[in-house]
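I opened the model to look up a few local features and keep notes as I went. The entries follow the order of looking.

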Amino acid sequence: MRLANVQRGDGLGNRAMFAMIRLLSGFRAADVIRTLRYHRHLFGAAHSAHTQAVMRGPSEWSVGERELFAAFVSRLNQCHF
């Protein structure tokens with residue numbers, strides 16, 4: 001089940017951004033983008049900060065290796081993001 005507000009965007013700014021993505025790319029904004037933009041102060045900002053720390057913070061793996069791991073796992077999960 002998907003929340004209607006997540007699908008269409010909560011607020012004029014998000015709706016405008018989703019419309020611009022569709023206009024420029026020909027595709028609707030990915031669900032992960034819509035989820036991270038929904039009530040950003042409650043979930044999206046914290047999740048984005050955590051992802052940024054994991055993908056770009058100190059690690060024995062290079063940024064490229066981490067991106068490759070993420071892409072591989074996404075592919076296994078049949079996720080297009």
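**Tail after helix 5**

I started with Gln 78, which lies in the segment after helix 5. The model is a predicted one. I looked up the backbone of Gln 78 and found a positive phi of about 55°, although the residue is not a glycine. Gln 78 counts as exposed, because its relative accessibility is 69% and the cut-off for exposed is over 50%.

I then moved to His 80, also found in the segment after helix 5, which spans 63-76. His 80 has a relative accessible area of 82%, so I noted the residue as exposed. I looked up a distance from His 80 to Asp 31: the two are 49 residues apart in sequence, and their C-alpha atoms are 10.0 Å apart in space.

**Another positive phi**

Where is His 39 found? I placed His 39 in the loop between helix 3 (31-37) and helix 4. Phi of His 39 is near 45°, a positive value in a residue other than glycine. His 39 has a relative accessible area of 29%, so I entered it as partly exposed.

**Helix 4 and helix 5**

Two packed helices are described by the angle between their axes and the distance between the axes. I looked up both for helix 4 (residues 44-56) and helix 5: the axes come within 8 Å and cross at roughly 120°. Helix 4 and helix 5 are therefore oblique to each other, as the perpendicular class runs from 65 to 115 degrees and the antiparallel class begins over 145.

Which residues meet between helix 4 and helix 5? On the helix 4 side I listed Val 54, Met 55 and Arg 56; on the helix 5 side I listed Val 63, Arg 66, Glu 67 and Ala 70.

**Salt bridges**

Side chains of opposite charge can pair when their charged atoms come close. How many salt bridges does the structure hold? I found two.

One is formed by Glu 67 with Arg 56, and I read 2.9 Å between the closest N and O atoms. This pair links distant parts of the chain, with Glu 67 in helix 5 and Arg 56 in helix 4, eleven residues apart. Both residues also appear in my list of those that meet between the two helices. I noted Glu 67 as partly exposed, with a relative accessible area of 36%. Arg 56 counts as partly exposed at 42% relative accessibility.

Another salt bridge joins the side chains of Asp 31 and Arg 28, at 3.0 Å from N to O. Asp 31 counts as partly exposed at 31% relative accessibility. Arg 28 is partly exposed too, with a relative accessible area of 34%. I had already met Asp 31 in the distance to His 80.

**Nonpolar surface patch**

Which residues make the nonpolar surface patch? I listed Met 20, Leu 23 and Leu 24, and the patch comes to about 360 Å². Of these I looked up Leu 23, which is found in helix 2 (residues 12-25). Is Leu 23 buried or exposed? I noted Leu 23 as exposed, because its relative accessible area is 64%.

**Helix 1**

My last entry is Gln 7, which lies in helix 1 (residues 4-8). Gln 7 is partly exposed, with a relative accessible area of 23%. I looked up its distance to Phe 18, eleven residues away along the chain, and found the C-alpha atoms of Gln 7 and Phe 18 separated by 9.5 Å.

Definitions and conventions: Residues numbered from 1 in each chain as written. Predicted model: local features only at pLDDT ≥ 70, side-chain atom pairs only at ≥ 80, totals over all residues. Heavy atoms only, no water. Patch = residues over 30% accessible without salt bridge, like charges linked within 9 Å, V, L, I, M, F, W, Y side chains within 5 Å. Areas by Shrake-Rupley, 256 points an atom, 1.4 Å probe, with all protein chains shown as cover. Salt bridge = Lys/Arg side-chain N within 4 Å of Asp/Glu carboxyl O. Helix = DSSP H or I, 4+ residues; strand = E, 2+ residues; numbered from the N terminus. Buried < 20%, exposed > 50% of the residue type's maximum accessible area, 1.4 Å probe, protein only. Axes fitted to C-alpha atoms, helices over the stretch in contact; angles between N-to-C directions. Parallel < 35°, antiparallel > 145°, perpendicular 65-115°, else oblique. Contact = heavy atoms within 4.5 Å.
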